[in-house]
Amino acid sequence: MIQVAHRNEAVLHEWQALLEQLAAEIEGWSKSRNWAIARHKAVLEESELGSYEAPSLHIHTGKGALIVEPVARHIVGADGRVNFYNLGSFKRLVLIRRDNAWKLFTEDRVPWPGEWNEQTFVQSAEALTTP
Amino acid sequence: MRLKDLLKKLDLVSVEYRVCRLAADRLWLSIEQDPTLIIQLQMKRAEIRETIRRLEYTYIVRMFAAFEAALREIWTGAFRRKTEPPVRDLIDATAAANTFMTTDMLRAAHQVREYRNSIVHVNALSENTFSLLEAAAHLKEFLSFMPRQW
C-alpha cells in the first residue's frame, strides 16, 4: 500500500466524486435498458494520492460482459483515466477526463465521435460487444 | 512494424539473463563441490563471485538499450519524427503523445533510466534499485501504451 505524507485531499475528493458521478450515470443508463449491472469497490494506488477506493462496474448487456474500471487520476496529458472493456475479448475503450469533461477514445487513441453521453455509452457498449 | 515484435526483443534479454544466471549458479555450485576447478580456471573465488553479482547489472544495461531502441523505432516509425532526442526527452515525448499512461508509469521508466545511468556512470547515484525482472516489467508496461502497429 502506498503511503503519502501530504496527499492532496481536495484533488482526491474531487476525483472520487467524478468517478461516483460517472458510475451513477452509467448505472442509470444501463438500468433503463434492463442491462444487469453490479457495482464493486476498486482499490487504486497512486504515488500522489496513496491508496483509495473508487467504484468499478460490471455490466451484462446480454451480448457480453463489460467492465468500467478507474485507472488513475494522475495520467500524462489529462486529468484522469477510466478503462471500459469487454471482459471476454479484452476489446477496450478509454475514458479520459480532459477540460472538465469525459472524452472517449479507442484503444489506438482515436477520439470517439461525439460527446460522452447516454447515446455514446450505448454505441460504445454495442461496439465492444460486437464480434 | 508491430509493437509486440519490439516487446519480444526485451523478452529475449530476460531469457538470456536467466540462461547466464543459471549457468553462473551451476558454476558456483561446481566450485563449491570441487575447489580444484578454481585452479583449472585460473581465477579467484572472489572474482567469480563478483562476476555473478554483476551479471544482473550487465543485463539491466542491455534491457534498457533494447527499450531505448524500441522507443527510437516508435519515435521515427509511429510518430514520424526525424529528430534524435536524448533518451530522457524521448521518454517524456513518447509518453505525452496521447498515451494517457499514468504518471507513476512514466516515473518508473525514468527511475529505471536513472538506475541504468548509475550502473554505467560512476557518479550518477540512483535512489532506486531494480532487479532485472522489475526493470523489464516497468519498461514493458511503458511500451504497452504505445501504438500497436505502424
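What follows is a chat about pockets, a cavity and helix contacts in a predicted model.

Biologist: What should I know about the model and its numbering before we start?
Modeller: This is a predicted model, where local features need pLDDT of at least 70, side-chain atom pairs count only at pLDDT 80 or more, and totals for chains, interfaces and linings use all residues. Residues are numbered from 1 along each chain as its sequence is written, chains are lettered from A and ligands numbered from 1 in the order in which they are written, and side-chain values use heavy atoms, with hydrogens and water left out.

Biologist: What volume does the largest pocket have?
Modeller: About 250 Å³. A pocket is an open set of points on a 1 Å grid over the protein atoms alone, with protein on both sides within 12 Å along at least five of seven lines; lining residues have an atom within 4 Å of a point. Points are joined across faces, edges and corners, and the volume is the space filled by probe spheres set on them.

Biologist: Which residues are closest to its centre?
Modeller: Of the 16 that line the largest pocket, those are B:S144, B:F145, B:M146, B:P147 and B:R148. Helix α1 (residues 3-33) of chain B gives the most to this lining, with three residues. Helices (H or I, at least four residues) and strands (E, at least two) are DSSP runs, numbered from the N terminus.

Biologist: How does that lining divide by class?
Modeller: The largest pocket has seven nonpolar, three polar and six charged lining residues. Ala, Val, Leu, Ile, Met, Phe, Trp, Tyr, Cys and Pro count as nonpolar, Asp, Glu, Lys and Arg as charged, and the others, Gly among them, as polar.

Biologist: And the second largest pocket, what gives the most to its lining?
Modeller: Strand β6 (residues 101-106) of chain A, with four residues. The second largest pocket holds about 160 Å³ of space, and its lining includes A:W102, A:W112 and A:W116. Six nonpolar, two polar and three charged residues make up that lining.

Biologist: How many cavities of 30 Å³ or more are there?
Modeller: One. A cavity is a set of points where a 1.4 Å probe fits but cannot get out. The largest cavity has about 40 Å³ of space and is lined by A:L19, A:L22, A:A23, A:P55, A:V68, A:P70 and A:V82. The elements giving two or more residues are α1 (9-31) and β3 (65-72) of chain A, and α1(A) gives the most, with three. The lining has seven nonpolar residues, no polar and no charged.

Biologist: Back to chain B. How do α1(B) and α6(B) lie?
Modeller: Their axes come within 11 Å and cross at roughly 180 degrees, α6(B) being residues 132-143. Axes are lines fitted to C-alpha atoms, for helices over the stretch in contact, and angles run from 0 to 180 degrees between N-to-C directions. That makes α1(B) roughly antiparallel to α6(B), a term for angles over 145 degrees.

Biologist: Which residues meet there?
Modeller: Among them are B:L3, B:L7 and B:L10 in α1(B), and B:L132, B:A136 and B:L139 in α6(B). Contact means heavy atoms within 4.5 Å. The contact of α1(B) with α6(B) has eight nonpolar, one polar and two charged residues.

Biologist: Where is B:E68 found?
Modeller: In helix α3 (residues 45-77) of chain B. Leaving aside neighbours within four places in sequence, B:E68 is in contact with B:V87, B:L90 and B:R116. The C-alpha atoms of B:E68 and B:V87 are separated by 6.8 Å, with the two residues 19 apart along the chain.

How values were computed:
Angles under 35 degrees count as roughly parallel, over 145 as roughly antiparallel, 65 to 115 as roughly perpendicular and the rest as oblique.
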